[in-house]
Structures are given as structure tokens and as C-alpha cells.
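Q: I've got a model open and I'd like to practise reading its strands and its core. Can you walk me through it?

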Amino acid sequence: MEDNMQGKHFSITDPKDVNTVIYQVNKTEKEFLKDSPKYTIERLDYTVELVGENKKKTFFVDEPSTGSKDLVILSFGKEKVVVNVGLLEEDRVKISKRPIPMKFKTLYSEEEKEYKDFTYTPNLKRPITIIDPETADEIKPTLYFDEKTNEVKGKCKLKPYKSYFAFEIRQDSSNDKKGV
């Protein structure tokens, strides 16, 4: 990983028919914590360079902080998703040697529907994302202001007869650890 004016970056290589996306897990700032999720996720931007049949992806961290940040690495292949975790440190990325079992949901419906309300922090960060596994693109939520709770919330519209991948970072109440 290199350090420059814009931040840090690192690269991975996806084999043919695999599409990897990476999310950084952020702890919510103390001033927003009272009425917000404890953890939020942020998808890292990347560029793609073709190397033969493989794709070299360079991921960017715009505002690297001191200390380490947890990463969730999702590799979408034909009819499967490999979930892995990593740690972004000041000068390198450490990735688990083997995928770690995590909780996630596959969403599917035979009717068009909206998927649950989820709360944003006041600076519009969220703890959940829904991904189209065929393209690895996020399903962008529709934002609205809930006057009863005085919160910004989001809903995602899901198409019928299509599977989606959803994951959320939650606080494990038993020992204050993160769970997916």
C-alpha cells in the first residue's frame, strides 16, 4: 500500500468471472452515537485494469486514519459469494488466510417489494447494504425523513424473481464485538 496526497490504495486481482468489492467498517462518531447505529459501512472506490483474462482492482481509502480499520471483502462468483475479512493498517492490508463464516442474508421474492427501513447516522452513513450478486452493484436506497422518530431512513426496492445479497454490521451485545 502506498501513501500519497489523496490517501492510500492497494490492489487485488480477480480471476475471470469473479467480482470483488470491499467495504470499510467505521465506528460511528460519539456525537452521533446516541440515536444511530454503532457501526457503519463504506464501500471503497476502485479502478480496474485488465491483465489477460484477470482484472486488477486498485481500491482507494480517501481519508486514512491512524490505527487500523476492519474490512469486509466480498467476492461474487457464479452462484456463490466468498466473504472474507481484512485489516487496513497504516502501511498495509492484512487479509484472513481463509474465509470466516459470517451471517448474511439472501433476499428473494416473487413480488416487487421494498426491503425494510434502516436508519442512517446524521452524516448519512448506514450499517447495511444490499447488493446485486450478478453485477456486485449496490441497490441504492430511497431516503426519507421519519418525522415520528426524527431520523433519516432508507428503503430499497427489490425486483421480483431476483436474488440479492444483504449484509449488516451489528453490535454483539454480549461482548461489544462486531457481527455481520
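A: Sure. Keep in mind that this is a predicted model. Start with the open sheet: five strands, ordered S4-S3-S7-S8-S9, with antiparallel pairing.

Q: Which strands stand at the edges of that sheet?

A: Those are S4 (39–43) and S9 (93–95). Each has a single partner strand, so one side of each lacks a neighbour in the sheet. From one strand to the next, the twist averages 30°.

Q: How many bridges hold S3 and S4 together?

A: Five, with S3 covering residues 19–27 and the pair running antiparallel. To get the register, look across from Tyr23: it stands opposite Arg43 in S4.

Q: And how should I think about side chains on a strand?

A: In a regular strand they alternate between the two faces of the sheet. As for what gathers inside, nonpolar side chains in soluble globular proteins tend to be buried together.

Q: Which residues touch the most other members of the largest nonpolar core?

A: Tyr23, Leu74 and Phe167, out of 14 residues in that core. S3, S4, S7 (69–77) and S16 (162–168) are the elements that give two or more residues to it. Another core, of ten residues, lies apart from it, and its members include Leu107, Ile130, Leu158 and Tyr164.

Q: What do S14 and S15 form?

A: A hairpin, with four residues between the two strands. S14 (142–146) and S15 (151–158) run antiparallel and are joined by five bridges, and Thr142 stands opposite Lys155 in S15. In the turn, check Asn150: its phi is positive, about 60°.

Methods:
Residues numbered from 1 in each chain as written. Predicted model: local features only at pLDDT ≥ 70, side-chain atom pairs only at ≥ 80, totals over all residues. Heavy atoms only, no water. Pairing = 2+ DSSP bridges. Axes fitted to C-alpha atoms, helices over the stretch in contact; angles between N-to-C directions. Core = buried A, V, L, I, M, F, W, Y, C linked by side-chain atoms within 4.5 Å. Buried < 20%, exposed > 50% of the residue type's maximum accessible area, 1.4 Å probe, protein only.
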